[in-house]
Amino acid sequence: MLGFLQQSFGNYRKKAKLFLKLSVFYLASELLASLAVWGFFFTAFLIGSLFGLTLESPIMIAIAAGAIILTLYIGSGLFGSYLKNINNILQGQKIDFTSFFRYGITKAGTYFTILVIKLLIEMILAAPLVALYLFALKKLNIPYIEIVLAAIFIGIKFFVDFIFIYSFISRSLFETSAFASIRNAFRIIRYKGIAAFGLYIIFSLTAITLLIPLLNIFTFFITLPVTLGSLILVSNSGMRK
């Protein structure tokens, strides 16, 4: 497990400028996409307000929902492009902003499908917990029951995300369909289970630090590409079995 992490860090040290450039590409792409989508929404809101529409009106709610879906759609594609270009750097290939952004937009459909499947599975698994709380446990006034149920859901989400991060990686590495990428994730976990899970824990802890001001700058530009690089390396190894 640590071998993959060390190999990824070694690649980062040798090609730090490329990884920093890639992080800038990713950040700039996310900002451009968000500005475009939400700029359109606020323009629609301003135009709608001239005709007496409010944020609570069905039309504006539909536009807002569309903006959220489009943001997730483009964001999933850009994340896929980020993964693909980390692998490109590891393989000694060049990267450029145009190719990064084009891939993220044109290939977003499959990545978004994987995201939707993940969210649906999480909703299905969360439904019994919600039903149990609303129709039984809420009436019993059990202390801290909400915290307990939230912890259970976080645990469920943790393991679902474990499978799907490798699904995203499989898609970026092998250009497979959404369902084939999910099958590949199980293959990677089957052959590299301990290493894959251990590196995923490290990645998860790294992702949490993105919520901490100032530290998140260090995380985004250094530790995030290193940990994702290690997941990519273990994925490549698992698929060769």
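Where is Tyr-144 found? Tyr-144 sits in the loop between helix 5 and helix 6. Keep in mind that this is a predicted model.

Let's stay with that residue. The phi of Tyr-144 is near 60 degrees, a positive value in a residue other than glycine. Most residues other than glycine have a negative phi. Is Tyr-144 buried or exposed? Its relative accessibility is 62%, and the cut-off for exposed is over 50%, so Tyr-144 counts as exposed.

Now a second case. Leu-214 lies in the loop between helix 8 and helix 9. Its phi is near 75 degrees, again a positive value in a residue that is not glycine. Leu-214 has a relative accessible area of 70%, so Leu-214 is exposed too.

Glycine next. Gly-92 comes just after helix 3. Gly-92 takes a positive phi of about 80 degrees.

What about helix 3 itself? Helix 3 has 33 residues. At 1.5 Å a residue, helix 3 should span 48 Å. How far apart are its end C-alpha atoms? They are 48 Å apart, which agrees with the expected span.

On to the pocket. How much space lies in the largest pocket? About 800 Å³. The lining is made up of 26 residues. Which of them lie nearest the centre? Those are Tyr-26, Phe-79, Ile-165, Phe-203 and Ala-207.

Which helices supply the lining? Helix 2, helix 3, helix 5, helix 6, helix 8 and helix 9 each give at least two residues. On your sequence, helix 2 covers 16-50 and helix 3 covers 58-90. Helix 5 runs over 108-140, and helix 6 over 145-174. Helix 8 takes 193-208, and helix 9 takes 215-239.

What is the lining like by class? There are 19 nonpolar residues in the lining of the largest pocket. Three lining residues are polar, and four are charged.

Last stop, helix 9. Thr-223 lies in this helix. At 23% relative accessibility, Thr-223 falls between the 20% and 50% cut-offs, so Thr-223 counts as partly exposed. What does Thr-223 touch, leaving aside its neighbours within four places in sequence? Thr-223 is in contact with Thr-206 and Phe-218. Now look along the chain from Thr-223 to Leu-233, 10 residues apart. Their C-alpha atoms are separated by 15 Å.

To recap the loops: Tyr-144 and Leu-214 each have a positive phi. Tyr-144 is exposed, and Leu-214 is exposed. For the pocket, remember about 800 Å³ and a lining with 19 nonpolar residues.

Notes:
Residues are numbered from 1 along each chain as its sequence is written. This is a predicted model: local features need pLDDT of at least 70, side-chain atom pairs count only at pLDDT 80 or more; totals for chains, interfaces and linings use all residues. Side-chain values use heavy atoms; hydrogens and water are left out. On a 1 Å grid over the protein atoms alone, a cavity is a set of points where a 1.4 Å probe fits but cannot get out, and a pocket is an open set with protein on both sides within 12 Å along at least five of seven lines; lining residues have an atom within 4 Å of a point. Grid points are joined across faces, edges and corners, and a volume is the space filled by probe spheres set on the points. Helices (H or I, at least four residues) and strands (E, at least two) are DSSP runs, numbered from the N terminus. Ala, Val, Leu, Ile, Met, Phe, Trp, Tyr, Cys and Pro count as nonpolar, Asp, Glu, Lys and Arg as charged, and the others, Gly among them, as polar. Buried means under 20% relative accessible area, exposed over 50%, partly exposed in between (1.4 Å probe, protein chains only). The expected span of a helix is 1.5 Å times one less than its number of residues. Contact means heavy atoms within 4.5 Å.
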